Amino acid sequence: MATIEELESLRWDLRRDCVDIIMAGAGGHIGGDMSVIDALMTLYANHLNISPETVDDPNRDRFVLSKGHAMEAYYAVLCHEGYLDLDDVKARFSKFGSPYIGHPNNKLKGIEMNSGSLGHGLPVAVGMALAGKMDGRDYRVYTIMGDGELAEGSVWEGAMSGGNYQLDNLCALVDRNRLQISGSTEDVMKQDSQEERWAAFGWNVLSIPGNDVRAIDAALTLAAETCGKPTVIILNTVKGYGSPVMEDKAAWHHHLPNDEEYAQIIADFAAHKEAING
Amino acid sequence: MANKIANRKVICDTLLEAAKTDKDIVVLCSDSRGSASLTPFFDQYPQQSVEVGIAEQDLVSIAAGMASCGKKAWAASPASFVTTRSYEQCKVDVSYSNTNVKLIGISGGVSYGALGMSHHSAQDIAAMSAIPNMRVYLPSDRFQTAELVRALVADNKPAYIRVGRNPVEDVYTEDECPFQMDRATWVRRGTDVALVATGEMVRHAVDAADLLAEQGISATVLDMYCVKPLDAEAVIEAAGATRAVVTVEEHSPFGGLGSMVAQVVGEHCPRPVKCLSLPDAPVITGTSPEVFAHYGLTGVGIAKTVAEFLGN
């Protein structure tokens, strides 16, 4: 368990690791990495009942990164948590023959399922949650989707079955950064009224500031305490969060910083951390 | 027709038997338990059954999620939907993530007859075979279906199984059903032509061999229930012992058994190859027997084509 203060400091280190991985691999989905990394970090630090020693334990909690393109953020968290080695990831990410690809690879320690094509994580998580109920195990299942991903019809098949089976061991998180590759989600395909949409499918809905570590931590606790229905946490985030160089800019969906941008981004992370730690 | 038991019912019976001692077997349907003949499983093992509604993508992903947690997931839906509608889920969640999901395609080929092209699965062999780590099986009769399902229950790898809707005439008997996993079954050995067939077409190939024998033509019949992994060794042996190879399948002319057999024959044991199949077009309206007769996929039709092919 980490304190909120520790997490508020740690998240800048993880962002730096994430950007360094992207630089090493000469590419990555940096905008979505930055919006989702606070939730990933908090989930692994304080909520997922899993460790590098228990990756095969049938009672472990399960996590599926449905927005698989946020893999660089996931690498940073998995390295910090001891599943993978950061230096090795940085040395080989996206290189010829590397296992460290741009989406989840379940041949790597700690990764349950492959993803990449969108709209798969939630139905898979429903299956994991159903299996847990069937076996009387008390593990929980989590998945994180992007908001652009919600245009995939298969998301709503999963939402339907999760609600139908009242899977209170299931928690979905939506990285609602309001941008996708072509621009605003509201211009590409409206994703408004998410709270009402999920509630209509029988879900407990929590909508929070998605880059607020304290709010994320509290929402995940609330989700675990909810009985009789699955929970969705709408993370109202900022794409590229952490540096004005990339914040709220659709062009940074997949973008490699140049040397000047990289220096500024790292300086901004350091300033954030400095402000936390005084 | 002597046999009244459809292969889909045999799948259910075999899973019912296996589930007596294996609580990890789960069956998933997409409003398809009746058409899959799996209602008895849902009734007898409700705690090991999952209904997902008319949502085939969900069906496959949920099955994969359950399998990743140790379940032996059998997901049944019409062959046309569970393969091509759920294709990406089969590719990513089952094959790529390597989950123990057995995909049962019911009412395969042209089983749905007059319901039209939306319900026919003439692309499933090609589509599923193109996915790495996906095996493709088309059992020929009820006895082989039972053998195949027993073998698949015992392994933990992805597979797709296609069966037809209606009972088919037996190829084997209860006492005589030679079966070796991933090895074609030699139904008979001949010296003039090798008939390589899969699924319901095996019975018709046997009928053709009988008719050809009356004309003095000696035919091998190879039951290639394992389309992938194809038993290349058997194909090479059959081709090597004959003058020509004829494949028979209830599928598009592209990417199915014929394509795969021709690849093997061309590379290892060149012989003239003729591929019999459905056309590259929506099939004519009719029952399976009517459709097969129309396209020359019955014993009479196959024998006629083979005789002409050898004559040339």
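Here are a few friendly notes on this predicted model, covering a sheet in chain A and the overall build of chain B.

1. Let's start with the sheet in chain A. It is open, has 5 strands with parallel pairing, and follows the order β1-β2-β3-β7-β6. At its edges sit β1 (62-65) and β6 (204-209) of chain A, each of which pairs on one side only. From one strand to the next, the twist averages 20 degrees.

2. A nice pair to look at is β2 (residues 141-146) and β3 (residues 170-176) of chain A. These two strands run parallel and are joined by 6 bridges. To find the register on screen, pick G146(A), whose bridge partner in β3(A) is D175(A). As background, strands of a sheet pair through backbone hydrogen bonds.

3. Next, the helices on this sheet. Helix α2 (residues 30-47) of chain A lies across β1, β2, β3 and β7 (231-236) of chain A, and runs at about 170 degrees to β2(A). Helix α5 (residues 121-135) of chain A also packs on the sheet, where it touches β1, β2 and β3 of chain A. The direction of α5(A) makes about 175 degrees with that of β2(A).

4. Turning to chain B, you will find 12 helices and 12 strands. Its radius of gyration is 19 Å, close to the 20 Å given by the globule rule for 312 residues, so chain B is as compact as a globular protein of that length. Along the principal axes, its C-alpha atoms fill a box of roughly 60 × 40 × 35 Å.

5. Finally, the inside and outside of chain B. Of its 312 residues, 61% count as buried. The accessible surface of chain B is about 11500 Å², with 51% of that belonging to carbon and sulfur atoms.

Notes: Residues numbered from 1 in each chain as written. Chains lettered and ligands numbered in written order. Predicted model: local features only at pLDDT ≥ 70, side-chain atom pairs only at ≥ 80, totals over all residues. Heavy atoms only, no water. Pairing = 2+ DSSP bridges. Helix = DSSP H or I, 4+ residues; strand = E, 2+ residues; numbered from the N terminus. Axes fitted to C-alpha atoms, helices over the stretch in contact; angles between N-to-C directions. Contact = heavy atoms within 4.5 Å. Rg over C-alpha atoms; globule rule 2.2 N^0.38 Å. Buried < 20%, exposed > 50% of the residue type's maximum accessible area, 1.4 Å probe, protein only. Areas by Shrake-Rupley, 256 points an atom, 1.4 Å probe, with all protein chains shown as cover.
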